[in-house]
Structures are given as C-alpha cells and as structure tokens.
Amino acid sequence: MKKTTLETFKCMMCGHEYRENVEKGEDREWSCPECRSNSIRHLKRSDKEGEPPA
Ligand SMILES: [Zn+2]
C-alpha cells in the first residue's frame, strides 16, 4: 500500500511555493509548475520525526 504525504516545495528560480502529494521515500525530479525550473527546494515539515529545522 502506498502512503503519501503532502509536502511543501519552493522554487529557487521564481520563489513559487506549492504543495504536492509525494510517496514516502520517493526520489524524483521536481519541476516548478510556474516556470518549469528544476531548482526546487524541498521544505521539510516541522511536525515530524525529530528533525530540527535548519
Ligand atoms: Zn519557478
């Protein structure tokens, strides 16, 4: 069974932020829906798994 989580991404090119459902552990290339850049930063959610915010 696949589990997805809603993750937040931010485009480093145009600054567009968006959310997308991703499969846990999924590793794929993201592209900005606004400008199609692949300079996407994956913003960690702060509510899980004890990872301190950067
Ligand atoms: Zn963009």
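**View 1. Lys 10 faces Arg 41 across the E1/E3 pairing.** In this predicted model, Lys 10 sits opposite Arg 41 of strand E3. The two strands here are E1, covering residues 4-11, and E3, and they run antiparallel with 4 bridges joining them. Look along the same pairing for another match-up: Thr 8 has Leu 43 in E3 as its bridge partner.

**View 2. Three strands make up one open sheet.** Stepping back to the whole chain, we get 3 strands and 0 helices, so to speak a plain β-β-β pattern when read along the sequence. In the sheet the order is E2-E1-E3, with antiparallel pairing. Strands E2 (17-23) and E3 (40-43) are the edge strands; each has a single partner, so one side of each has no neighbour in the sheet. On average, neighbouring strands are turned by 40° against each other, if you ignore direction. As a reminder of what holds such an arrangement together, strands of a sheet pair through backbone hydrogen bonds, either parallel or antiparallel.

**View 3. E1 and E2 form a hairpin.** There are 5 residues between the two strands, and Gly 15 in the turn has a positive phi of about 85°. The pairing of E1 with E2 is antiparallel and runs over 7 bridges. Two of the facing pairs are worth picking out: Thr 4 stands opposite Glu 23 in E2, and Phe 9 has Tyr 18 in E2 as its bridge partner.

**View 4. Strand E2 is hardly covered.** How many of the 7 residues of E2 are buried? The count is 0. For the chain as a whole, 4% of the 54 residues count as buried. The next two views take individual residues from this strand.

**View 5. Arg 19 in strand E2 looks across to E1.** Arg 19 belongs to strand E2, and is it buried or exposed? Arg 19 counts as exposed, with 10 C-beta neighbours inside 10 Å; the cut-off for exposed is 12 or fewer. Setting aside neighbours within four places in sequence, Arg 19 is in contact with Leu 6, Glu 7 and Thr 8. Take Glu 7 from that list: Arg 19 and Glu 7 are 12 residues apart in sequence, yet their C-alpha atoms are 5.5 Å apart in space.

**View 6. Glu 20, the next residue to zoom in on, is partly exposed.** Glu 20 also has its place in strand E2. Around Glu 20 there are 13 other C-beta atoms within 10 Å, and that makes this residue partly exposed, since exposed means 12 or fewer and buried means 20 or more. Leaving out neighbours within four places in sequence, Glu 20 is in contact with Glu 7 and Phe 9. Leu 6 is 14 residues away from Glu 20 along the chain, and the C-alpha atoms of the two are separated by 5.5 Å.

**View 7. Gly 25 lies in the loop after E2.** This glycine is found in the loop between E2 and E3. What surrounds Gly 25 within 10 Å? Just 6 other C-beta atoms, and Gly 25 is exposed. For a sense of where the loop sits, check Thr 4: Gly 25 and Thr 4 are 21 residues apart in sequence and 9.4 Å apart in space, C-alpha to C-alpha. Thr 4 is the residue we met in the hairpin view, opposite Glu 23 in E2.

**View 8. Arg 36 has a positive phi without being a glycine.** The phi of Arg 36 is about 70°. Where is Arg 36 placed? In the loop between E2 and E3, which is also where Gly 25 is found. Arg 36 counts as exposed, with 10 C-beta neighbours inside 10 Å. Measure off the way back to Cys 11 on screen and you should find the C-alpha atoms of Arg 36 and Cys 11 separated by 9.2 Å, with their places 25 residues apart along the chain. Sequence-distant links also show up in the overall tally: among contacts between residues at least 6 apart in sequence, 32% join residues at least 24 apart.

Definitions and conventions. Residues numbered from 1 in each chain as written. Predicted model: local features only at pLDDT ≥ 70, side-chain atom pairs only at ≥ 80, totals over all residues. Pairing = 2+ DSSP bridges. Axes fitted to C-alpha atoms, helices over the stretch in contact; angles between N-to-C directions. Contact = placed C-beta atoms within 7 Å.
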